[in-house]
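Here are some friendly notes for a first look through this structure. Keep the model open beside you and take the points one at a time.

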Amino acid sequence: MARDMESRPRRVVVLGTTGAGKSTLSGRLAELLGVEHVELDAFQHGPNWTPRPREEFAARVAAVAELPGWVVDGNYASRVGDVLWPLADLVVWLDLPLWVLLPRLVRRTTRRIRSRTMLWGVNQERWSGLFGRESLLLWAVQSHPRQRAELPPRLADLRRRGVGVVRLTSGRAVDRWFADFARSAAG
């Protein structure tokens with residue numbers, strides 16, 4: 001059964017390569033909709049960037065799925081794509097070009113390192129996160145084309161199931177879409 005997208009969505013998934021602005025947009029959407037903002041990275045990363053057990057991640061995702069409303073940001077398609085995405089009223093894919101993402105990642109990570117920002121209350125980014133073995137820049141370069149190949153058919157399937165899907169390909173498009181969304185949500 002198709003969902004009525006004229007009504008205000010209560011469950012939103014925001015996807016995109018690291019640095020695309022998922023958390024920023026998700027936080028704004030959650031506040032606007034009056035629902036919980038969930039960062040999947042908080043479910044994944046334990047202290048010292050240690051991956052949390054898959055069972056714990058799955059249990060936390062299952063608990064979110066039971067909530068009446070949420071905005072979830074993060075990809076983890078193989079772990080949540082079949083659980084959360086079909087429950088969503090709306091999926092927003094931030095498909096920004098690499099030439100936009102990479103400088104954003106450098107600025108964001110540098111700012112977090114210098115300010116010693118705590119992420120999910122347990123971790124701080126380090127210079128090795130930009131230039132080391134587990135570089136965010138390398139991750140973005142590798143995951144960006146993979147998302148562009150894998151997401152379109154999955155999102156098309158969600159559309160057929162009645163889930164609203166939006167693909168935004170520039171920062172300006174994100175800003176315009178959010179402004180329009182906020183106006184329609186207020187009306």
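1. Let us begin with strand 3, which is covered on both faces: W70 and V72 are buried on one side, and V71 and D73 are buried on the other. Please keep in mind while reading that this is a predicted model. The pattern of residues fits a general rule: in a regular strand the side chains alternate between the two faces of the sheet.

2. Which strands does strand 3 pair with? One partner is strand 1, joined to strand 3 by four bridges and running parallel to it. Strand 2 also pairs with strand 3 (residues 70–73), again in the parallel sense and over four bridges. If you would like to follow individual residues, V12 stands opposite V71 in strand 3, and E36 stands opposite W70. V71 is also the bridge partner of H37.

3. Stepping back, what is the order of the strands in the sheet? The sheet is open, has five strands in the order 2-3-1-4-5, and pairs them in parallel. Strand 2 (36–39) and strand 5 (164–168) are the edge strands, each pairing on one side only. On average, neighbouring strands of this sheet are turned by 15° against each other, direction ignored.

4. A helix to look for next is helix 7, residues 136–160. Helix 7 lies across strand 1 (11–16), strand 4 (90–94) and strand 5, and its direction is at about 160° to that of strand 4.

5. Now for a single residue, S23, which you will find in helix 1 (residues 22–33). Is S23 buried or exposed? The answer falls in between: its relative accessibility is 31%, so S23 counts as partly exposed. Leaving aside residues up to four places away in sequence, S23 touches H37, E39 and D73. With E39 there is a polar contact between the two side chains, at 3.0 Å. H37, met above as the bridge partner of V71, and D73, one of the buried residues of strand 3, are worth finding again here. As for R167, S23 is 144 residues from R167 in sequence, and their C-alpha atoms are 16 Å apart in space.

6. The aromatic rings deserve a point of their own. A pair of aromatic rings is described by the distance of the centres and the angle of the planes. How many aromatic pairs are there? The count comes to three. F57 and Y76 form a tilted pair, with 5.3 Å from centre to centre and 50° between the planes. F57 belongs to helix 3 (residues 54–65), while Y76 is in the loop between strand 3 and helix 4 (77–80), so this pair ties together parts that are 19 residues apart in sequence.

7. Staying with F57, this residue counts as buried because its relative accessibility is 1%. F43, F57 and Y76 form one aromatic cluster. The ring of F57 also has a charged neighbour: the charged end of R79 sits over that ring, 3.9 Å from its centre. Y76 has a backbone detail to check as well, since its phi is near 45°, a positive value in a residue other than glycine.

8. Another aromatic pair is W177 with F181, and this one is stacked: the centres are 5.0 Å apart and the planes differ by 25°. Both residues lie in helix 8 (residues 171–186), four residues apart, about one turn of the helix. At 14% relative accessibility W177 counts as buried, and F181 is buried too, with a relative accessible area of 9%. For a second case of a charge over a ring, look at R28, whose charged end sits over the ring of F178, 4.0 Å from its centre.

9. The last stop is E125, in the loop between helix 5 (98–115) and helix 6 (128–131). Why does E125 count as buried? Its relative accessibility is 11%, and the cut-off for buried is under 20%. The side chain of E125 is joined to that of R112 by a polar contact of 3.2 Å. Residues up to four places away in sequence aside, E125 touches W49, T109, R112, I113, L119 and L136.

Terms used
Residues are numbered from 1 along each chain as its sequence is written. This is a predicted model: local features need pLDDT of at least 70, side-chain atom pairs count only at pLDDT 80 or more; totals for chains, interfaces and linings use all residues. Side-chain values use heavy atoms; hydrogens and water are left out. Two strands pair if DSSP finds at least two bridges between them. Helices (H or I, at least four residues) and strands (E, at least two) are DSSP runs, numbered from the N terminus. Axes are lines fitted to C-alpha atoms, for helices over the stretch in contact, and angles run from 0 to 180 degrees between N-to-C directions. Contact means heavy atoms within 4.5 Å. Buried means under 20% relative accessible area, exposed over 50%, partly exposed in between (1.4 Å probe, protein chains only). A polar contact is a pair of N or O atoms within 3.5 Å; within protein, one must be able to donate a hydrogen and the other to accept it, and residues adjacent in sequence count only if both atoms are side-chain atoms. Rings of Phe, Tyr and Trp (its six-membered ring) pair if their centres lie within 6.5 Å; planes under 30 degrees apart count as stacked, over 60 as edge-to-face and the rest as tilted. A charge sits over a ring if NZ of Lys or CZ of Arg is within 6 Å of the ring centre and within 35 degrees of the ring normal.
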